[in-house]
Amino acid sequence: MAFNIYDFTTLTHDIHVGLAESFSPVLATTIEWVIVGVVYLLFVALFGLFLVYAERKVCAAFQQRLGPTRVGPWGLLQTIADFIKLLMKELIMPRKADRFLYNLAPFIVIIASFLAIAVLPFAPGLQSLDFDIGVFYLTAVSSVGVIGILLAGWSSNNKYSLIGAMRSGAQILSYELSVSLSLLTMVVFAGTMQFSAIVEGQRDAWFIFSGHIPAVIAFVVFLIAGTAETNRGPFDLAEAESELVAGFHTEYSGIKFAMFFLAEYINLFIVSAVAATVFLGGWMPLHFGNFESFNHVMDFIPPVMWFFMKVLGVIFVIMWFKWTFPRLRVDQILTLEWKYLLPINLVNILLMALVVLTKFHF
Amino acid sequence: MKSFIEYITSIFKGVWTLLIGMKVTGKYVFTPWKHVTHSYPENRDTLVMFERFRGEVIMPHDANNEHKCTGCGICELNCPNGSIEIISKSIVTPEGKKKRLIDQHIYHLGMCTLCNLCVKACPTGAIVMGQNFEHAVWDRAKLTKVLNQPGSKISEGVKE
Amino acid sequence: MSEIKEVIVKTDRLATDKYQVNMGPQHPSTHGVLRLLVTLEGEKVLNVQPHTGYIHSGIEKMCEAISYPQIIHLTDRMDYLSAHMSNEAVALCVENALQIEVPDRVKYIRTIMDELTRLASHQLWWCVYGMDLGALTTFFYGLRDRELILDIFEETCGARMTVSYSTPGGLMFDIHPNFQKRVKDYIKYFKTKLPEYDQLLSGNVIMRERTEGIGYLTLEEAIDFGVTGPSGRASGFSCDVRKHQPYSAYPFVKFNEILDHRCDSLARYEVRIKEMWESISIIEQLIDNIPEGDYAVKMKGVLKLPEGEFYQRAESARGEFGVFIVSDGKKNPYRVKFRSPGFSNLFALNNMAKGHKIADLVAIMSTLDLIIPDIDR
């Protein structure tokens with residue numbers, strides 16, 4: 001097995017060949033599924049925990065605080081301690097809750113996140129689903145999560161939860177449009193919907209540079225709409241603490257609450273990863289035209305590192321939004337989408353089409 | 001057309017105000033060493049409270065285990081919550097005079113609102129406010145304290 | 001099938017039910033244990049009915065059992081953010097009843113303390129207001145600045161919030177030797193931080209959208225409900241006790257009564273921000289001119305007020321705070337009544353919030369700057 005940090009194609013291929021030789025085809029495929037599933041599960045759990053820790057530290061820095069410092073060095077084990085606490089907590093269910101839907105809702109939310117994470121290319125060869133309609137698939141599955149939120153709000157039999165879920169439904173359905181349209185803008189530019197091909201197209205220059213004005217506008221719109229899709233501040237109406245206590249997950253406790261919590265952070269990761277892949281070149285290193293030596297140094301950093309650096313950068317910006325802005329009201333959030341982002345997006349697609357037709361790009 | 005220009009300018013103005021806000025928070029996030037919080041239990045050794053800080057009522061004793069309390073009960077009268085109880089005893093001095101002295105100066109910290117009225121009213125300055133603020137105990141009974149130490153007596157020269 | 005058709009024909013729009021939500025007594029944004037019975041139609045607020053009394057502690061009744069100097073430690077615990085103003089009102093009331101003239105030094109120090117308390121209170125209001133709108137970072141910026149004022153209090157008064165500093169006849173202590181320097185340093189520091197408040201929240205387009213034209217309270221309604229303080233002044237109600245019935249050192253200083261005629265949430269917000277600037281200017285005028293003298297008048301051991309009724313008002317950070325003492329000549333009052341600003345302000349909430357969204361209800365309530373122990377007493 002040839003392990004190469006710069007290209008995982010051979011590694012995954014070797015594993016596949018090795019399994020196929022030793023087992024029957026059905027068993028080999030099953031084992032592959034299990035391996036991929038476990039790897040994703042582990043990655044999501046660990047990265048989710050890391051993101052919670054990062055959020056707490058970043059928010060502390062914004063607020064001139066220290067953040068968690070007690071558990072482990074610099075509080076690194078804090079989220080693990082929190083997770084253990086959530087695991088051990090009693091699961092309390094409201095008496096008149098719709099039992100089946102109440103238990104189903106967190107799973108729908110988290111499964112939707114898992115579905116979306118499958119198409120993301122982490123590094124060359126490190127991608128489990130490489131569709132030729134990757135972007136389409138992603139926008140499709142990322143809207144499944146709202147069903148879980150609506151179910152959670154409805155089945156909890158709590159008025160706060162219901163208001164939160166209704167808000168969330170209106171919000172996510174609207175912002176789905178902006179996310180898709182801004183991605184469509186980049187699909188027009190890239191000429192493909194396949195994530196690996198989109199990344200490959202950015203070998204010379206990231207799309208945000210080569211696509212200049214329309215790409216930048218699409219990036220900003222995607223960031224705003226993506227923040228709204230993840231239900232994060234300033235668009236956290238669904239769980240607006242000062243109004244709705246905790247919104248749609250008011251009645252959830254213990255591990256079910258942890259699932260909502262984790263799904264929120266996975267969604268944050270997905271939005272950032274898509275932004276990084278489509279606009280910032282995915283795992284492609286930063287290259288500047290003809291500076292050979294500079295490009296060489298950049299090539300030295302492994303693609304996985306590049307990917308995560310970009311993702312964390314976008315996550316930081318989204319956290320910056322959250323810890324700076326007041327929350328919007330529900331009608332304002334729809335005004336922003338339908339009166340501002342949607343027209344801008346439509347004009348932007350036209351602009352992008354013109355740019356592509358006239359080849360006015362780098 | 002005019003409304004269209006207004007629409008465009010409103011977008012840019014709005015984004016500009018948001019950027020100003022992000023500048024303020026950005027200024028702090030990139031200087032995380034300038035935090036304003038203290039790591040409290042770690043800095044216990046260096047933590048100095050202000051001299052007037054009202055943490056609890058204490059009765060200072062000198063090296064000879066002597067205090068200044070005459071047991072007059074003015075603090076008990078001045079206390080709005082009844083957190084002070086004076087139990088006095090009568091002794092007969094060698095000259096044959098009967099004298100009232102303090103037996104126990106009982107102080108209920110759990111009831112005290114630290115208003116300073118007892119300290120202000122004390123004619124001999126026997127009780128003062130202490131700076132200790134870590135009063136958490138497992139047993140509520142421990143919050144009832146006897147301020148005069150066992151075996152202590154009133155120091156010489158305190159005006160009765 | 002025909003039945004369903006009939007129903008559709010009958011209702012020309014989607015029929016929605018009204019429903020009631022109990023906001024509080026355990027709710028993150030009611031700042032304590034206020035309970036609001038909110039009638040909603042979707043997200044629209046139809047009616048708000050405040051229910052008070054969840055933290056009623058019987059302070060007025062307790063005052064009847066204790067002597068006049070002891071009352072101040074209870075007033076600390078009513079409106080804990082403007083503790084010094086309540087202290088001062090009681091002290092002034094007793095002094096007026098006994099016809100005692102306190103030295104100028106006491107007046108100056110009391111006024112400086114008043115304004116520092118007002119600054120601290122408005123800072124806390126600002127950060128909580130930001131939090132109710134969803135901007136969580138404001139909370140820590142406000143607390144950061146307020147903490148330094150509390151340090152000044154702690155050094156001079158010995159306590160951070162429940163100061164018990166003004167007593168009948170003067171002050172509990174003289175000011176600490178560091179007091180003037182600290183206050184001047186603080187004013188210098190806070191002048192650099194206050195513009196940040198504007199940059200972070202006041203200018204923000206989201207915040208403007210959330211407050212402009214929201215929570216309209218007309219001048220007539222403000223007067224009818226007795227809405228005083230910054231909330232009343234934002235409706236154009238000139239109700240500043242410091243201007244109309246000056247007490248302590250307010251006759252000696254120049255300051256403006258901040259009035260705004262826009263009557264909405266933004267007006268109430270900006271009145272408070274401007275009041276912070278006024279407080280800074282008042283402190284600057286006084287801090288270098290504190291006259292020498294005694295910090296308290298020598299009082300009798302047991303205070304006995306002459307028989308009669310005495311009323312004293314003072315401007316707390318939330319509005320007009322009144323103390324009404326009925327004395328029967330004994331050492332403890334026959335009856336004490338506090339006119340707390342929060343109680344009157346709260347009941348204007350229904351008129352302000354009707355027709356707005358539930359999110360605005362929280363924002364409007366927050367502009368009133370309610371302190372629940374001040375409402376319930």
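Across the interface of chain C and chain A in this predicted model, 10 residue pairs are in polar contact, both members being at pLDDT 80 or more. The elements of chain C that each supply at least two residues of the side touching chain A are β1 (19-23), α5 (104-133), α6 (137-157), α7 (179-202), α8 (205-211) and α15 (358-367). Of these, β1(C) gives the largest share, five residues. By class, the side of chain C that touches chain A has 19 nonpolar, eight polar and seven charged residues.

Two salt bridges are counted between chain C and chain A. One of them joins C:E43 to A:R167, with the closest N and O atoms 2.5 Å apart.

The contact between these chains takes 34 residues from chain C and 24 residues from chain A. About 2500 Å² is buried between chain C and chain A, and carbon and sulfur atoms give 59% of that area. C:E43, C:F140 and C:I206 supply 19% of the area that chain C buries against chain A, more than any other three residues. C:E43 thus appears both in this trio and in a salt bridge with A:R167.

Chain C also meets chain B, where 26 residues of chain B are in contact with 34 residues of chain C. Chain B and chain C bury about 2500 Å² between them, 58% of it on carbon and sulfur atoms. B:F50, B:R52 and B:R54 supply 29% of the area that chain B buries against chain C, more than any other three residues.

The count between chain B and chain C is 16 residue pairs in polar contact, both at pLDDT 80 or more. Three helices of chain B, α1 (2-29), α2 (74-78) and α3 (117-121), each supply at least two residues of the side that touches chain C. The most comes from α1(B), with nine residues. That side of chain B has 13 nonpolar, eight polar and five charged residues.

One salt bridge is counted between chain B and chain C. Its partners are B:K27 and C:E196, and the closest N and O atoms are 2.5 Å apart.

The table lists one salt bridge from each interface.

| Interface | Salt bridge | Closest N and O atoms |
|---|---|---|
| Chain C and chain A | C:E43 with A:R167 | 2.5 Å |
| Chain B and chain C | B:K27 with C:E196 | 2.5 Å |

Definitions and conventions
Residues are numbered from 1 along each chain as its sequence is written. Chains are lettered from A and ligands numbered from 1 in the order in which they are written. This is a predicted model: local features need pLDDT of at least 70, side-chain atom pairs count only at pLDDT 80 or more; totals for chains, interfaces and linings use all residues. Side-chain values use heavy atoms; hydrogens and water are left out. Contact means heavy atoms within 4.5 Å. Buried area is the accessible area (1.4 Å probe) that two parts lose on being put together, summed over both. A salt bridge is a side-chain nitrogen of Lys or Arg within 4 Å of a carboxyl oxygen of Asp or Glu. A polar contact is a pair of N or O atoms within 3.5 Å; within protein, one must be able to donate a hydrogen and the other to accept it, and residues adjacent in sequence count only if both atoms are side-chain atoms. Helices (H or I, at least four residues) and strands (E, at least two) are DSSP runs, numbered from the N terminus. Ala, Val, Leu, Ile, Met, Phe, Trp, Tyr, Cys and Pro count as nonpolar, Asp, Glu, Lys and Arg as charged, and the others, Gly among them, as polar.
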